Amino acid sequence: MDDTVALLEGVRLIYHEPRRETLAVEGLDMSVKRGELVSVVGPSGCGKTSVLSLISGLYRPSAGKVTVLGVSPEEARDSIGYMLQTDRLLDWRTIEKNVLLGLEVKGRLNAQTRQYANELLEKYGLGQFKEHYPRQLSGGMRQRAALVRTLAFSPELLLLDEPFSALDYQTRLILEDEVRSIIKRGGYTAVLVTHDISEAIAMGDRVLVFSNRPARIKREFSVDITGSALERRAAADFRRLFDEIWRELY
């Protein structure tokens, strides 16, 4: 049985603008296996987020093929969860109603899915805050609520676009640890885009290093370090791997 969740084969992406064309991705081959957390790093503007947009179906490739769960991203859209750089919580909705929003939009809100969403809030330490409004929560709690909103409709693939970049350093470390644990214990498959090499190593099972635009995979690293995200940062091999990835980038 094929355990590939996302597959990109010979993908090219060209942005068409009134006065020019921009080649963002060229000849990209990439796969993500079930249960993997794959980190993507690369120079600023190299096309990392464009690749997430291709996997999610927001963009269609100019050439090549993208499949998710064996079908097109458009067909798999209800199985894909996308977590952005900012939490995008609505200020006028309670945390519970924010978490239920995706289910409402997808027409999947019912007694069973509402119960599951509330179970997730309890499980991840937000149950007592579900009647609070976003302004009453810390940045880390808001981002945790955004993750619960993404998980509430049981996606098979999570796309994480620099989800901790707006947080202070201490909160980022805590959230990295929590989110990696949630993804691994829940058996989710995920692709994390980040500009932070340490974060990529601490969270990922593999790290893909992208080239300058147009994006290609320049090199792939396996992260053979056990433990939580915080424990990984303290491992002896962490610095060695960091230095190797740094050399590929710069």
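Start by selecting K184, which is partly exposed at a relative accessible area of 30% (partly exposed lies between buried, under 20%, and exposed, over 50%, with a 1.4 Å probe and protein chains only). Before you go on, note that this is a predicted model, in which local features need pLDDT of at least 70 and side-chain atom pairs count only at pLDDT 80 or more, while totals for chains, interfaces and linings use all residues. Residues are numbered from 1 along each chain as its sequence is written, and side-chain values use heavy atoms, with hydrogens and water left out.

**Salt bridges**

Keep K184 on screen and add D205: the two form a salt bridge, with their closest N and O atoms 2.5 Å apart (a salt bridge is a side-chain nitrogen of Lys or Arg within 4 Å of a carboxyl oxygen of Asp or Glu). This pair links distant parts of the chain, with K184 in helix α5 (residues 169-186) and D205 in the loop between α6 (197-203) and β8 (206-210), 21 residues apart. Helices here are DSSP runs of H or I with at least four residues, strands are runs of E with at least two, and both are numbered from the N terminus.

How many salt bridges does the structure hold? There are 21.

Next, pick D3 and K33, another salt bridge, with 3.8 Å between the closest N and O atoms. D3 sits in the segment before β1 and K33 in strand β2 (residues 21-33), so the pair ties together parts 30 residues apart in sequence. D3 is partly exposed at 37% relative accessibility, and K33 is partly exposed at 31%.

Now jump to R93 and E104, whose side chains meet in a salt bridge at 2.7 Å, N to O. R93 is in the loop between β5 and α2 and E104 is in helix α2, 11 residues apart. Is R93 buried or exposed? R93 counts as buried, at 15% relative accessibility, whereas E104 is partly exposed at 35%.

To see a network of salt bridges, select R219, D237, R240, E244 and E248 together.

**Aromatic rings**

Time to show the rings. The structure holds two aromatic pairs (rings of Phe, Tyr and Trp, the last by its six-membered ring, pair if their centres lie within 6.5 Å; planes under 30 degrees apart are stacked, over 60 edge-to-face, and the rest tilted). Go to Y15 and Y59: their ring centres are 5.5 Å apart and the planes are at 85°, so this pair is edge-to-face. Y15 belongs to strand β1 (residues 4-16) and Y59 to the loop between α1 (48-56) and β4 (63-68), so the pair ties together parts 44 residues apart in sequence. Y15 is partly exposed at 26%, and Y59 is partly exposed at 34%.

Then select F242 and W246, with ring centres 6.4 Å apart and planes at 10°, so this pair is stacked. Both are in helix α8 (residues 236-249), four residues apart, or about one helical turn. F242 counts as buried at 17%, while W246 is partly exposed at 44%.

**Charges over rings**

Leave F242 on and add R239, whose charged end sits over the F242 ring, 4.7 Å from its centre (the cut-offs are NZ of Lys or CZ of Arg within 6 Å of the ring centre and within 35 degrees of the ring normal). For another case, show K106 and F153: the charged end of K106 sits over the F153 ring, 4.7 Å from its centre.

**Last stop**

Finish at W92, in the loop between β5 (80-83) and α2 (95-105). W92 is exposed, with a relative accessible area of 65%. From W92, draw a C-alpha to C-alpha distance to L126: 18 Å in space, with their positions 34 residues apart in sequence.
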